[in-house]
Amino acid sequence: MNKESLISSLKRIVKPYIQDEEEFENLTEETDFINDLKINSANLVDVVLDLEDEFNIEIDNDAMEKMLNVKAAIEIVETKLAEK
């Protein structure tokens, strides 16, 4: 799976939880889930669970704590997919 495809899937997954539509439309790898998209921590857990379902991967607590922006999320998903 290439990075554009991953970002596209990630955008679809986070969209229900965002509070800042403008930041979402301008989403980049540097976009922060909490500070930019205004996703609260409870919904960030939902994003992680949705990512696990989407990619059939398991994201442990250590990885989850690092998943605060798009770039980190992509790196973690890519790592987990490579481990399969």
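In this predicted model, Lys3 is partly exposed, with a relative accessible area of 33%. The side chain of Lys3 meets that of Glu29 in a salt bridge, with a distance of 3.7 Å from N to O. The two residues belong to distant parts of the chain, since Lys3 lies in helix H1, which covers residues 3-14, whereas Glu29 lies in the loop between helix H2 (21-25) and helix H3 (41-55), and they are 26 residues apart. Glu29 is likewise partly exposed, its relative accessible area being 24%.

The pair Lys3 and Glu29 is one of five salt bridges counted in the model. Another is formed by Arg12 and Glu54, whose closest N and O atoms are 2.8 Å apart. Arg12 is placed in helix H1 and Glu54 in helix H3, so this salt bridge ties together parts of the chain that are 42 residues apart in sequence. Both partners are partly exposed, with a relative accessible area of 49% for Arg12 and a relative accessibility of 35% for Glu54.

A salt bridge within a single helix is found between Lys80 and Glu83, where the closest N and O atoms are 4.0 Å apart. Both residues lie in helix H5 (residues 70-83), and the three residues that separate them in sequence amount to about one turn of the helix. The two partners fall into separate classes of accessibility, because Lys80, at 15%, is under the 20% limit for a buried residue, while Glu83, at 56%, is over the 50% limit for an exposed one. Through salt bridges that share partners, Lys80 and Glu83 are joined with Asp60 into one network.

Glu52, a residue of helix H3, presents another arrangement, in that this side chain is buried and yet has no salt bridge. The nearest side chain of opposite charge is that of Lys80, at a distance of 8.2 Å, and Glu52 is left without a salt bridge to Lys80 because such a pair must have its nitrogen and oxygen within 4 Å. When neighbours within four places in sequence are left aside, the residues in contact with Glu52 are Ile57, Glu58 and Ile59.

Turning to the nonpolar interior, the largest nonpolar core contains 26 residues, of which Val14, Phe33 and Leu51 touch the most other members. Helices H1, H3 and H5 are the elements that give two or more residues to this core. For Leu51, again leaving aside neighbours within four places in sequence, the contacts are with Leu10, Ile13, Asn56, Ile57, Ile59, Met67 and Val77. Ile57 and Ile59 are thus among the contacts of Leu51 and also among those of Glu52.

The backbone was examined as well, and two residues other than glycine with a positive phi are described here. In Lys38, phi is near 60 degrees; this residue is placed in the loop between H2 and H3 and is partly exposed, at 42% relative accessibility. In Asn56, which was named above as a contact of Leu51, phi is near 55 degrees. Asn56 is found in the loop between H3 and helix H4 (61-66), and with a relative accessibility of 60% this residue counts as exposed, because the value is over 50%.

Note on methods
Residues are numbered from 1 along each chain as its sequence is written. This is a predicted model: local features need pLDDT of at least 70, side-chain atom pairs count only at pLDDT 80 or more; totals for chains, interfaces and linings use all residues. Side-chain values use heavy atoms; hydrogens and water are left out. Helices (H or I, at least four residues) and strands (E, at least two) are DSSP runs, numbered from the N terminus. Buried means under 20% relative accessible area, exposed over 50%, partly exposed in between (1.4 Å probe, protein chains only). Lys and Arg count as positive and Asp and Glu as negative; His and the chain ends are not counted. Contact means heavy atoms within 4.5 Å. A nonpolar core is a set of buried Ala, Val, Leu, Ile, Met, Phe, Trp, Tyr and Cys residues joined through side-chain atoms within 4.5 Å.
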